[in-house]
Amino acid sequence: PAEGSSLWETCPSLAILCDPTVGDIRHDDFRTYTAADWTVTGGTPVLDSAIPGVLLFATDGTDDDTIQIQCAAETYQLATDKQLWYETRVYLNDVTQSDMLVGLSISDASLIAGVSDAVYFSKSDGDASISFTTVKDSTATTTDTGSDMVNDTNVRLGFYFDGAGTTKAYVDGVLKATQTTNIPAEERL
């Protein structure tokens with residue numbers, strides 16, 4: 001990782017692989033999909049048969065048609081003295097006609113409408129701009145990352161929580177925002 005700016009620069013991944021008491025790694029490359037591991041609202045995600053590792057969310061084309069997927073259990077926590085790294089890769093085939101929210105949150109059946117505790121990236125219908133948000137008890141801090149999504153183009157979205165109250169957001173591996181307010185610490189996400 002690039003020293004001084006990489007999301008993964010400080011992650012002790014080798015130590016975690018060698019000693020599971022150091023931490024936990026969850027990696028889902030979507031080469032398989034087990035519905036019981038997820039809570040799905042509004043549709044059925046399917047594995048892309050043409051591209052291994054891609055989970056598709058196809059809507060019927062109706063405005064504001066929604067598909068939402070969350071881990072079946074709230075398993076992560078932004079806790080004092082505990083670091084957390086998160087990264088995902090997403091793409092949209094029609095950026096300007098899509099809403100998107102991706103990150104860690106409490107269980108919520110309508111995330112796009114507003115979630116009370118979360119750390120996430122979002123993109124609103126009608127524009128391509130990627131925002132980064134931390135929200136605690138329904139009070140949010142949102143920063144425009146200065147990055148835009150492009151149709152049918154992968155983008156990597158990640159953040160790092162330092163265990164001391166700071167969350168850093170990265171787009172395609174580049175630091176785009178640093179936030180210290182409304183971090184949902186001590187809440188399972």
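**Notebook: salt bridge, surface patches and backbone**

**Entry 1. Glu87 and its partner**

I began with Glu87, which counts as partly exposed at 28% relative accessibility. I note at the outset that the model is predicted. I then looked up the salt bridges, and the structure holds 1. It joins Arg156 to Glu87, with the closest N and O atoms 3.1 Å apart. Arg156 lies in strand S10 (residues 155–161) and Glu87 in strand S5, so the pair ties together parts that are 69 residues apart in sequence. For Arg156 I recorded a relative accessible area of 34%, and that residue is therefore partly exposed. Since partly exposed covers the range between 20% and 50%, Glu87 at 28% falls within that range, and Arg156 at 34% does so as well.

**Entry 2. Overall fold**

I next looked up the secondary structure and found 1 helix and 12 strands in the protein. Which order do the elements follow from the N terminus on? I read it as α-β-β-β-β-β-β-β-β-β-β-β-β, with the helix ahead of the strands. The radius of gyration is 16 Å, close to the 16 Å that the globule rule gives for 189 residues, so the protein is as compact as a globular protein of that length. Along the principal axes, the C-alpha atoms fill a box of roughly 45 × 35 × 30 Å. I also looked up burial: 35% of the 189 residues are buried.

**Entry 3. Negative patch**

Which residues form the negative surface patch? I listed Asp94, Asp99, Asp125, Asp127, Asp144, Asp148 and Asp152. I looked at two of these members in turn. Asp99 sits in the loop between strand S5 (84–90) and strand S6 (100–105). Its relative accessible area is 36%, so Asp99 is partly exposed. Asp152 belongs to the loop between S9 and S10. At 53% relative accessibility, Asp152 counts as exposed, because the cut-off for that class is over 50%.

**Entry 4. Positive phi**

I then turned to the backbone angles. Most residues other than glycine have a negative phi. Asp152, from the patch above, has a positive phi near 55° although it is not a glycine. Asp137 is another non-glycine residue with a positive phi, here about 50°. Where does Asp137 lie? I placed it in the loop between strand S8 (129–136) and strand S9 (139–148). Asp137 counts as exposed, at 55% relative accessibility.

**Entry 5. Nonpolar patch**

Which residues make the nonpolar surface patch? I found Leu14, Leu17 and Ile25, and the patch is about 330 Å² in area. Leu17 is placed in helix H1 (residues 13–18). I recorded a relative accessible area of 65% for Leu17, which is therefore exposed.

**Entry 6. Gly53**

My last look-up was Gly53, found in the loop between strand S2 (46–47) and strand S3 (55–56). Is Gly53 buried or partly exposed? Its relative accessible area is 21%, which makes Gly53 partly exposed, because buried requires a value under 20%. I also checked its separation from Ser116. The C-alpha atoms of Gly53 and Ser116 are 30 Å apart in space, and the two residues are 63 apart in sequence.

Technical notes
Residues numbered from 1 in each chain as written. Predicted model: local features only at pLDDT ≥ 70, side-chain atom pairs only at ≥ 80, totals over all residues. Heavy atoms only, no water. Patch = residues over 30% accessible without salt bridge, like charges linked within 9 Å, V, L, I, M, F, W, Y side chains within 5 Å. Areas by Shrake-Rupley, 256 points an atom, 1.4 Å probe, with all protein chains shown as cover. Salt bridge = Lys/Arg side-chain N within 4 Å of Asp/Glu carboxyl O. Lys, Arg positive; Asp, Glu negative; His and termini not counted. Charge placed at Lys NZ, Arg CZ, Asp CG, Glu CD. Helix = DSSP H or I, 4+ residues; strand = E, 2+ residues; numbered from the N terminus. Buried < 20%, exposed > 50% of the residue type's maximum accessible area, 1.4 Å probe, protein only. Rg over C-alpha atoms; globule rule 2.2 N^0.38 Å.
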